[in-house]
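Please look over the sequence and the structure shown here before reading the walk-through below.

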Amino acid sequence: MTLPEEARPKSISSVKNLQKAYGSKIRNSKEFYGVSVNTTETINFGNGRYDFDGGEMIGINTTTYKTLESISARKEKVQAAYIKKTGNKWFFNETGEATVYHEFGHAYENYYGLPTGFESDAKRWLKESGCDILKSSKEAWAEAWGAYHTGNKDLPDYISKYIEKATAKTVVKSAESGIIKAESKDLSKYLGKAIVETDNQHVREWYVANVSDIQNQIDKSKSFEEQVKQAYELRNKYKHEARVAMSDRETAETLERKRPAPTFDELLKKKMKSKGLDKEAALKDILKTASTTNVGVNKEFGL
């Protein structure tokens with residue numbers, strides 16, 4: 001995998017399976033090769049519906065294209081027709097292999113955004129290459145990612161430098177960051193305490209400890225709906241405090257941008273709509289999930 005760990009897709013599947021998870025079509029046209037989706041919607045992967053806690057999902061159109069070679073063949077035909085019609089190329093990459101990496105490029109950009117300076121250099125690349133897909137800076141980034149990781153020698157050095165830097169982005173690894181296998185009982189030291197150590201590992205431990213304890217912090221003398229609102233407010237309070245405390249400002253700002261907290265009313269309406277719940281059931285669901293954290297992220301930190 002060429003992506004930094006935190007930007008890696010939560011799933012890579014056929015578009016058909018991805019659409020089944022959504023319960024509706026993602027793309028109407030059959031003339032596409034892959035798709036990247038970043039969502040916090042309710043997803044069903046065959047074992048019941050559940051709230052997808054944000055992240056990238058990639059689908060490859062294996063219904064229309066059974067092999068990467070068939071994607072390559074189709075792109076070659078589309079490219080020739082586009083050149084004949086416009087005098088310009090459409091794709092920079094014409095291989096099926098590059099198509100997969102193209103979607104990885106979208107996953108990176110959706111998580112981190114475009115690096116400073118890339119958009120202006122992409123305009124230069126567009127002018128020099130005559131590839132119209134590069135008119136979109138986001139598509140240009142994805143094409144660059146695909147070209148770099150499939151060894152396309154036509155990729156300009158002034159573009160490849162961005163991908164090289166992105167690929168080498170420092171990723172938290174257990175061997176390098178002192179990540180520990182923390183048992184649940186070890187996290188009690190964080191309860192009700194201020195955040196002292198601000199590296200990603202310790203902030204995550206603090207967050208998991210306090211969020212997991214929310215059920216014990218609710219005022220049971222209040223009405224049920226008031227208890228749910230209190231749980232919701234505590235969850236957002238701990239999330240905000242964790243992000244503010246993180247010394248890794250790039251990741252903190254990315255989380256704030258990509259996963260903003262909805263208002264209580266927005267969350268309630270979303271639960272009712274996406275899960276088909278009445279208000280009472282939606283309130284119970286909010287209360288239940290207020291004290292749960294992302295299992296996948298926790299595993300990355302040994303929790």
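The paragraphs below go from the whole chain to a segment, a helix, the cores and a helix pair.

This is a predicted model, in which local features need pLDDT of at least 70 and side-chain atom pairs count only at pLDDT 80 or more, while totals for chains, interfaces and linings use all residues. Residues are numbered from 1 along each chain as its sequence is written, and side-chain values use heavy atoms, with hydrogens and water left out.

The secondary structure of the chain comprises 14 helices and five strands, taken as DSSP runs numbered from the N terminus (helices H or I, at least four residues; strands E, at least two). Of the 303 residues in the chain, 44% are buried, a term that stands for under 20% relative accessible area, with exposed meaning over 50% and partly exposed in between (1.4 Å probe, protein chains only). Among the contacts (heavy atoms within 4.5 Å) with a separation of 6 or more, 63% are made by residues 24 or more positions apart.

L3 lies in the segment before β1 (11-14), and L3 counts as buried because its relative accessibility is 3%. Although L3 and Y108 are 105 residues apart along the chain, their C-alpha atoms are separated by 6.8 Å. Beyond its neighbours within four places in sequence, L3 is in contact with R8, P9, F104, A107, Y108 and W145.

Helix α3 (residues 96-112) has 17 residues and spans 25 Å from its first C-alpha to its last, close to the expected 24 Å, a value obtained as 1.5 Å times one less than the number of residues. Of these 17 residues, 14 are buried, and the helix is followed by G113, whose phi is positive, near 85°.

The largest nonpolar core (buried Ala, Val, Leu, Ile, Met, Phe, Trp, Tyr and Cys residues joined through side-chain atoms within 4.5 Å) has 54 residues, of which W125, W141 and W145 touch the most other members. A second, separate core of six residues includes L18, F32, V35 and M57. In soluble globular proteins, nonpolar side chains tend to be buried together.

Helix α10 (residues 224-245) and helix α13 (residues 279-289) have axes that come within 9 Å and cross at roughly 40°, the axes being lines fitted to C-alpha atoms over the stretch in contact, with angles from 0 to 180 degrees between N-to-C directions. Residues F224, E225, Q227, V228, A231 and R235 of α10 meet K279, E280, L283, K284, I286, L287 and T289 of α13.
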